[in-house]
Amino acid sequence: MKGVILAAGKGERLQPLTDDRPKVTLKVANKPLIEYIMENLDPFVDDFVIIVRYKKEKLIEVIGDEFHGKPVTYVEQLPGNGTAKAIESAEKYVTGEEFIVANGDIYLEKDGVRELVSTFRKHNADAAILVKNFDDLSHFGKVDVNGPKVEKITEKPGKIPGYANLGLYVFTPEVFSFIKATPPSERGEYEITDTINLMINAGKNVVYAVYDGYWNDIGRPWNLLELNEYLLKTKLKHEIRGKVEEGAVIIPPVEIGEGTVVRSGSYIIGPVKIGRNSVIGPNCFIRPSTSIGDNCHIGNAVEVKNSIIMDNSNVPHLNYVGDSIIGENVNLGAGTITANLRHDRGSIKVEIKGKLEDSGRHKLGAIIGHNVKTGINVSIYPGRKIGSNSLIGPGVVVDENVPPGAMVLLKQEKILRKVV
């Protein structure tokens, strides 16, 4: 069986973190998102086929030609958009055998894959789909079932309960003939759910498996924080491979990579994961559900809480980073603060593709892209985004989003008087 992973999308809702890379390469708990998907598929497949398009060279650089000893083939998505078109791109690479399809930006546990494959084989099916029960299907495809079979899939039916499509499938090669007959949807995309409805109407045996475990569709920046917290709480093992100086306090579970030094006065409460060759402290406070990448510096009088700090970034002195995502190669000037709580304690809204979306979170800090530099005493409002390659000058209050490649400077009025 082959594992087909859909990873061609731009991930516009995750900007600025996807300004220069596919979203599946973003690191959560210090590992690219796509690696979690590949690890969960690995026991059930012989090799991987990854459908690529946007910034594909970055993904190829991250994964390489094999994964856990199994070959990886990269296939450019055919012209057109939608999951059906993406799956069609793999046609000549899965000839004659059943295959699993997984979205590269959806996390679920290995048990879900196991149950789906088992159900597919038990019923000698033409297709199988993984579902989960939700109280509100406003943002899902509703899967109607009868016995072991799927009767119909309806996209975004409204605020009603039922089984939701989780974006994990098993198909036989026969699906490709139905994909070719699939018309574009109202939004001009070729949807695999429309293809499955065609199969059902043609009398094909389409079955489902129910999954009760953790699931997360990584579509917005705060979903990265949710997944980071889940992985650290459920998967992290206490392991110190670096050096911890006398006077540092480590409360497990904390994972510290090779070459990392935790200096005296640092206080770390797990679950926390720190990569390789980083310098932590002296005299800093790292609170739970924080991941810090490779080659980072968290310095004196810094507090970090429930955040993702990616590789090669520095939070060196007098900073507070709370409920935030800091991209790669970022440097925060002394006194840079990310606010994470509204005065009225209301939920924080974030601009996504030009529209404000409610994150549903009462605490959410900054989303800072890659290669950003801030000056001293910069204050960032909750839920604000700073685009990659931007420079924020000293004393600036970031109360609105900053586009990529921008320079924001504070023009202050000075009064110079002679002291009498």
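The legends below describe close-up views of one helix and one sheet in a predicted model.

In this model, local features require pLDDT of at least 70 and side-chain atom pairs count only at pLDDT 80 or more, while totals for chains, interfaces and linings use all residues. Residues are numbered from 1 along each chain as its sequence is written, and side-chain values use heavy atoms, with hydrogens and water left out.

**View 1. Helix 4 spans residues 110-122.** Helices (H or I, at least four residues) and strands (E, at least two) are DSSP runs, numbered from the N terminus. The 13 residues of helix 4 reach 18 Å from the first C-alpha to the last, close to the 18 Å expected at 1.5 Å a residue; the expected span is 1.5 Å times one less than the number of residues. Just after helix 4, N124 takes a positive phi of about 45°.

**View 2. Helix 4 has buried residues and, on the face turned away from them, exposed ones.** Buried means under 20% relative accessible area, exposed over 50%, and partly exposed in between (1.4 Å probe, protein chains only). G112, V113, L116, V117, T119 and F120 are buried. They lie on the same side of helix 4 because they cover an arc of only 160° around the axis, taken from the directions from the helix axis to the C-beta atoms. The opposite face carries the exposed D111 and K122.

**View 3. Strands 35, 38 and 40 form an open sheet in the order 35-38-40, with parallel pairing.** Two strands pair if DSSP finds at least two bridges between them. Strand 35 (373-374) and strand 40 (407-408) stand at the edges, each with a single partner strand, so one side of each has no neighbour in the sheet. K373 has L391 of strand 38 as its bridge partner.
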